[in-house]
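User: I am new to this structure and want to learn how to read its features. Could you take me through them?

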Amino acid sequence: VYQLVAFIRRHGFQEEGLFRVSGNRRVIDQLRLEYDQNATANLSNIQDVSVVTSIFKMFFRELPEPLIPDQVSQEILVAAEDRTLSTSELVDRIRNYCKTLPPVNLNLLKYLCSFLNDVGQNVASTKMTDSSLAIVFGP
């Protein structure tokens, strides 16, 4: 994930439709095989950012267990729909739900959120609003 994020930061923050366009299937399959065999890949010959964003999305979609387990996800969605909660109460509740995540999930979630926040800061060039990112990476 870190290698993919570094590549996207270097080459993708000026790409319109970042995460919306799929990369070349053949190149994606080759990269995926390389990652599956080595846990890393040579990205130096990759010219198309959408290949890397496709692999990035695939990683999260194909996790054996969701980054946020279904039970926690449901609790967060119920809290988000509770109109009696103030913003600060909602944030506190979500924080508490996140604290129940396994440490590796929580660390990866923090990293993903930080990265997606940075992508969102480049909305003028990427055209990826917070809502667009939520559709791509949300449940």
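User: Leaving aside neighbours within four places in sequence, which residues is serine 73 in contact with?

Analyst: Contact means heavy atoms within 4.5 Å. By that rule, serine 73 is in contact with Ile68 and Pro139, once its neighbours within four places in sequence are left aside. A word on the source: this is a predicted model, where local features need pLDDT of at least 70, side-chain atom pairs count only at pLDDT 80 or more, and totals for chains, interfaces and linings use all residues. Residues are numbered from 1 along each chain as its sequence is written, and side-chain values use heavy atoms, with hydrogens and water left out.

User: Where does serine 73 lie, and is serine 73 buried or exposed?

Analyst: Helices are DSSP runs of H or I with at least four residues, strands are E runs of at least two, and both are numbered from the N terminus. Serine 73 is in helix 4. For burial, use relative accessible area with a 1.4 Å probe and protein chains only: buried is under 20%, exposed is over 50%, and partly exposed is in between. Serine 73 has 15%, so it is buried.

User: What about its contact, isoleucine 68: where is its place?

Analyst: Isoleucine 68 sits in the loop between helix 3 (49-61) and helix 4 (70-81). Its relative accessibility is 27%, so it counts as partly exposed. Not counting residues up to four places away in sequence, isoleucine 68 touches Ser73, Ile76, Leu101 and Leu109. Sequence distance and space distance are separate readings. Isoleucine 68 and leucine 106 are 38 residues apart in sequence, yet their C-alpha atoms are 8.5 Å apart.

User: How many helices and strands are there in the chain?

Analyst: The chain has eight helices and zero strands. Its pattern along the sequence reads α-α-α-α-α-α-α-α. The C-alpha trace spans about 50 × 35 × 20 Å along its principal axes. Of the 139 residues, 37% are buried. Take the contacts with a separation of 6 or more: 70% of them come from residues 24 or more positions apart.

User: How many salt bridges does a search of the whole structure find?

Analyst: A salt bridge is a side-chain nitrogen of Lys or Arg within 4 Å of a carboxyl oxygen of Asp or Glu. The search finds five. One of them joins arginine 32 to aspartate 36, with the closest N and O atoms 3.5 Å apart.

User: Why are arginine 32 and aspartate 36 separated by about one helical turn?

Analyst: Because they are four residues apart in helix 2 (residues 25-38). Aspartate 36 is exposed at 57% relative accessibility. Arginine 32 is partly exposed, with a relative accessible area of 31%.

User: Which other salt bridge does arginine 32 make?

Analyst: Its side chain also meets glutamate 62, at 2.7 Å from N to O. Arginine 32 lies in helix 2 and glutamate 62 in the loop between helix 3 and helix 4, so the pair ties together parts 30 residues apart in sequence. Glutamate 62 is partly exposed, at 42%.

User: Which residue does aspartate 92 pair with in a salt bridge?

Analyst: Aspartate 92 pairs with arginine 95, the closest N and O atoms being 3.9 Å apart. They are three residues apart in helix 5 (residues 87-98), so about one helical turn separates them. As for shared partners, salt bridges join Arg32, Asp36 and Glu62 into one network.
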